[in-house]
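Let's take a walk through this structure together, starting where the ligand sits and then moving on to the empty spaces and a few backbone oddities.

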Amino acid sequence: MYKIYSINGPVIKIKGSTDFKIMEMVFVGTNKLMGEVISVSKDFTVIQVYESTTGLKPGEPVENSGEPISLSLGPGLIGNIFDGIQRPLTDIANASGNYISPGTTASPLDLEKEWEVRFTVEKGETLQPGDVFATINETDLVIHKLMAPYNLRGQVTEVKPNGKYRIKDIIISVKDDKGDVHKLDMVQKWPIKTPRPFIGRKPMSIPLISGQRVIDTLFPIAKGGTAAVPGGFGTGKTMMQHQFAKWCDADIIVYIGCGERGNEMTQTLEEFKELIDPKSNKPLIDRTILIANTSNMPVAAREASIYTGITLAEYYRDMGYHVAVMADSTSRWAEALREISGRLEEMPAEEGFPAYLPSRLSQFYERAGFVETLNHLEGSVSIIGAISPQGADFSEPVTQNTKRFVRCFWALDKELAYTRHYSAINWNQSYSEYINDLSKWYNKNVGVSFLHHRQLFIYLLSEENKLMEIVKLIGKDVLPDDQKLILEISRVIRVGYLQQNAFHKDDTYVPLNKQLKMMEIIMYLYRVSQEVIRQGKAFSLLLNTNLFEKVIKIKYDIPNDKLEMFDDYYKMIDDAMNKIL
Amino acid sequence: MDLQYIGLRRINGPLVFVENVKDIGFEEVVEIKLNNGDTRHGRVVEIQEELAAVLVFEGTQGLSLNNTTVKFLGHPMQIGLSEEVLGRMFNGLGKPIDGLGSIYVEKYLDINGLPLNPVSRKYPRNYISTGISSIDGLTTLIRGQKLPIFSGAGLPHNELAVQIVRQAQIAEFQGEKFGVVFAAMGVKNDVADYFKRSFEEAGVLEKVVMFLNLSNDPIIERLITPRAALTTAEYLAYVHDMHILVVLTDMTSYCEALREFSSSKGEIPGRKGFPGYLYSDLASLYERAGIVQNSNGSVTQIPILTMPNDDITHPIPDLTGYITEGQIVLSRDLHQKGVYPPIGVLPSLSRLMKDGIGEGYTRADHQDLMNQLYASYARVMDARSLASVIGEDELGPIDKKYIQFGNLFEKYYLSQSMTRSRTIIETLDLGWDLLSVLPKSELDRVNQELLDKYYDQDKASKDFSIDDRIQIIDIGKEANK
Ligand SMILES: Nc1ncnc2c1ncn2[C@@H]1O[C@H](COP(=O)(O)OP(=O)(O)OP(=O)(O)O)[C@@H](O)[C@H]1O
Ligand SMILES: [Mg+2]
């Protein structure tokens, strides 16, 4: 038996044992708190404990498990809320009340529930790693596919008939090449820090559509891609993640609340049970897994929560689904690394963060991708990670290092948030490196004019940016009319297009065809206005038409399912212009 | 458990090291007896086999290696509670200091609390009417929210906190059990007195529990004060179904105490010398606001902090903002202009208001109106900075309107007497009156229906209608008294 030698916050040490493996899961103390071995040497084994260590005493026992920290993968994950080490929070609340006390355990998956299993293989068939042998309707939205483990190849020797089974029932037996028979139930174990295997990566050519105009139009992310959302407090990172979780066209959402607010998780849970997915008419919770390691929960488990989330995502990817992972906030994970590193008295690198921060970040974002799965399906994991930079300063290490490993950068701007311009994505600092990979898709599925108009918008916004430098010095009134028009149409783009109200029933999600129509009418208004000015008419005549205001409010005034109303606006513009000319 | 240890191995700042200890738990509480009869208190902050590091709350002055006896109490820090705490005053560790003797204890609770299971929370939705326009209208406070006041030295944050407590209880808590838990950390005696007097005048003193660790009290004790206060608040809220408003002041002093503790432990400092776990530590306090299932009470927190050098990017306000559900930022500019309460509108935010305002809560136009006021006031700032370059007279007509709007907004909407409570309807109407100074075409955040309903062209043409309107409200108020 091993004994605790010292305790310092979440870090405990054992003296003089060489039996522990790095990253091994251990149980610490009489309450069997879950922990992980983070360093071993002849003198000390160091363990980070995923639960509060208050009351723990030197001399209490430590048990090793021989295994790395692993998840139970099987039906019952979707619609559930887990903490960072996959404890089901609802069951824990039912069993032990409002607070989570150290050492509480519960099975991650419901052991008693009976699932209707339909087998897709028969006795005598061969199973390859990853092959699907049965399916289950896990929720109204998700068909769960039971897959052969990645290291098992063999012949099916026994299959149960279709029917109701519990997850621990043996439902199929497979004989491998050596003649060993493997009896399988519905649960696989998988270590959270090991990426799940696949056949190969594929190019990313399909966008993850979110219905958020500034993203879909200006800075789109590909399915299988990565994006970072940095921003000071209150700039809208969580709202952005929630909007994606609600509306993006992934099949499965894994939402990781890492070191953030409890109320936000409560809200997601409540809201997603009620919100109806427009495409399937089913509650959003039916495609969502929530991981909650809130800021007042033990710090060490923040790291686990990130890996738990990504592993769950890979599991569903392997069934051929497009999975989107939201991690809010990766900075809290980085800070947990810093805290543990500090307690180990490691040599700090930048701003006290450990030298291995970049490699951890890159390993995490590397687990995104669009892949061919072992069973020859296509699946993807996209990652959208929030960053909470200290003092909203993007030069800090987490933002800078993340920037190296992601291909979308959605920079949230304090000044925009102050004026309640949401999403407060700064169009000058943000970028997407996927735009070329996705252009084919846009051209084919939305129309060639989509990217063309995108380009025009970018041009106008950059012109506005230049003009504003002048306006700041001398005011707007002295500008020539064509430049005044650029400012005015840019205002329409900013307020009427980029700005999007998450609380408005129509504006919260806008389909791509409406996005295109909105761009087209804005550019139409610009072109006819240019004509008016070219003919020497006064700019004020244009302003008096109130057309700019009307077009700004299209986002509220034309419902998403009444796009024919755009025709009225063209007519309105034409009539007004004819009057002027 | 009753083992006592004579003598110490080492003293380092607020830490003492006790040797040859057996069966001691991490974070266990400790009683330290001096030869002269004094008793101090501490907590185990690190153990290595038989050596325990103990943090002494009252400080280590006067301690020597051999004049002490240390007793480990076998449990983490607790506070004894019952409804009798209402109306009482305690020191920073929870010992009565009002001369009224000890209280009857119904329950001992661990002051660190435990993490609340997110599925056991209820999402807060009921707004608290504070009667202050800039809060009710623009940064609405919700029951169960944590909404700090970011202030600076010399700004009237205490007055504002008192006004919130006074007006909130009158307007909102009638018929329901209401209480205040007040924790002072490192504030001066007269500040604590001011709060006490104000609670007295408001007639709520018997509903207030005070924890005082004043500026001349032991610094390390401050690490305990907010925890004792929050444990009390949770007890009253969740056991006795009370709506508790917790005022914590000054969080900056708390953080400085934490920095002192951390550096004495020899930990690697983070930004500005604060420990790397400042975020987690603050979260362990602020996250204790909320509402839980199967209880009718709530804990609403108003932490007050003074921003060193008025710098909002300083780690204390910065990390606080990342944890709390918004912030009310006081502005020195407005204060110097004589605006009370000097709430800097643009950086202030209430994140929970979106679900607690609008139809069925306040009024349907609230959300749009708020967005418009923010956006228009932001334009005022642009116009003002342009005016400072080219002169106000050179401004275009629209910018001039904005300057006018800005001045009226500060004078009538932001400014409010300390004793004046406005209803939410008054506040909303006032917002519309002010917006009518601007041409309709400038109001691009409001939907057309609302605009048609509330925007009044007549008022728009009359610059002084606002004055009239305010006077009407105020005279009406007087008449009602
Ligand atoms: N798209 C949006 N539409 C309307 N309001 C928004 C939008 N985005 C953000 N907001 C407003 O901004 C507030 C803060 O947003 P959010 O909570 O997402 O910030 P955050 O960046 O996650 O902050 P923190 O780092 O402190 O968690 C929200 O409560 C909401 O009022
Ligand atoms: Mg957030």
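A quick word on labels before we start: helices and strands are DSSP runs, numbered from the N terminus, with at least four residues for a helix and at least two for a strand. Also keep in mind that what you're looking at is a predicted model.

**Around ligand 1**

So who is keeping ligand 1 company? In total, 18 residues surround ligand 1, and the closest are Gly234(A), Lys237(A), Thr238(A), Met239(A) and Arg261(A). Chain A isn't alone here: residues from chains A and B surround the ligand, so the site is shared between chains. Sorted by class, this shell has six nonpolar, seven polar and five charged residues.

The backbone does some of the touching. Here are three contacts between backbone atoms and ligand 1:

| Residue | Backbone atom | Ligand 1 atom | Distance |
|---|---|---|---|
| Gly236(A) | polar backbone atom | oxygen | 2.9 Å |
| Met239(A) | N or O | oxygen | 2.7 Å |
| Ala502(A) | N or O | nitrogen | 3.1 Å |

How much of ligand 1 does the protein cover? On its own, ligand 1 has 640 Å² of accessible area, and the protein covers 94% of that.

Two elements give two or more residues to the shell: helix H3 (237-247) of chain A and helix H7 (315-323) of chain B. Which gives the most? That's H3(A), with three residues.

**The cavity behind it**

Now for the space itself. The structure holds five cavities of 30 Å³ or more, and the space taken by ligand 1 is the largest cavity. Its volume comes to about 800 Å³.

The largest cavity is lined by 45 residues; nearest its centre you'll find Gly236(A), Met239(A), Tyr422(A), Phe503(A) and Lys354(B). Two of those should ring a bell, as Gly236(A) and Met239(A) are both in the table above. By class, the lining splits into 15 nonpolar, 19 polar and 11 charged residues.

Several elements each supply at least two lining residues to the largest cavity. From chain A these are H3, helix H4 (262-274) and helix H16 (554-557), while chain B brings H7, strand E19 (343-350) and helix H9 (366-390). H3(A) gives the most to this lining, with six residues.

**The second largest pocket**

There's another space to look at. The second largest pocket holds about 1,300 Å³ of space. It is lined by 50 residues, and those nearest its centre are Ser52(A), Thr53(A), Thr54(A), Glu27(B) and Asn112(B). Its lining has 21 nonpolar, 14 polar and 15 charged residues.

Which elements each supply at least two residues of that lining? From chain A there's H6, and from chain B there are strand E5 (39-48), helix H4 (225-239), helix H5 (251-264) and helix H6 (278-286).

**Backbone oddities**

Finally, a few spots in the backbone that deserve a look. Tyr422(A), which we met near the centre of the largest cavity, is joined to Ser423(A) by a cis peptide bond, with omega about -10°. Ser423(A) has its place in the loop between helix H9 (414-418) and strand E26 (431-432) of chain A.

Chain B has a cis bond to show as well, running from Tyr340(B) to Pro341(B), with omega near -10°. Where does Pro341(B) lie? You'll find Pro341(B) in the loop between helix H8 (332-336) and E19 of chain B. That strand, E19, is one of the elements supplying the lining of the largest cavity.

The last stop is Glu345(A). Its phi is near 55°, a positive value in a residue other than glycine. Glu345(A) sits in the loop between helix H6 (330-343) and helix H7 (357-366) of chain A, and H6 of chain A is among the elements lining the second largest pocket.

Key: Residues are numbered from 1 along each chain as its sequence is written. Chains are lettered from A and ligands numbered from 1 in the order in which they are written. This is a predicted model: local features need pLDDT of at least 70, side-chain atom pairs count only at pLDDT 80 or more; totals for chains, interfaces and linings use all residues. Side-chain values use heavy atoms; hydrogens and water are left out. A residue is near a molecule or strand if one of its heavy atoms lies within 4 Å of it. A polar contact is a pair of N or O atoms within 3.5 Å; within protein, one must be able to donate a hydrogen and the other to accept it, and residues adjacent in sequence count only if both atoms are side-chain atoms. Accessible areas come from the Shrake-Rupley method with a 1.4 Å probe; for residues, only the protein chains shown count as cover. On a 1 Å grid over the protein atoms alone, a cavity is a set of points where a 1.4 Å probe fits but cannot get out, and a pocket is an open set with protein on both sides within 12 Å along at least five of seven lines; lining residues have an atom within 4 Å of a point. A molecule sits in a cavity or pocket if more than half of its atoms lie within 2 Å of its grid points. Ala, Val, Leu, Ile, Met, Phe, Trp, Tyr, Cys and Pro count as nonpolar, Asp, Glu, Lys and Arg as charged, and the others, Gly among them, as polar. Grid points are joined across faces, edges and corners, and a volume is the space filled by probe spheres set on the points.
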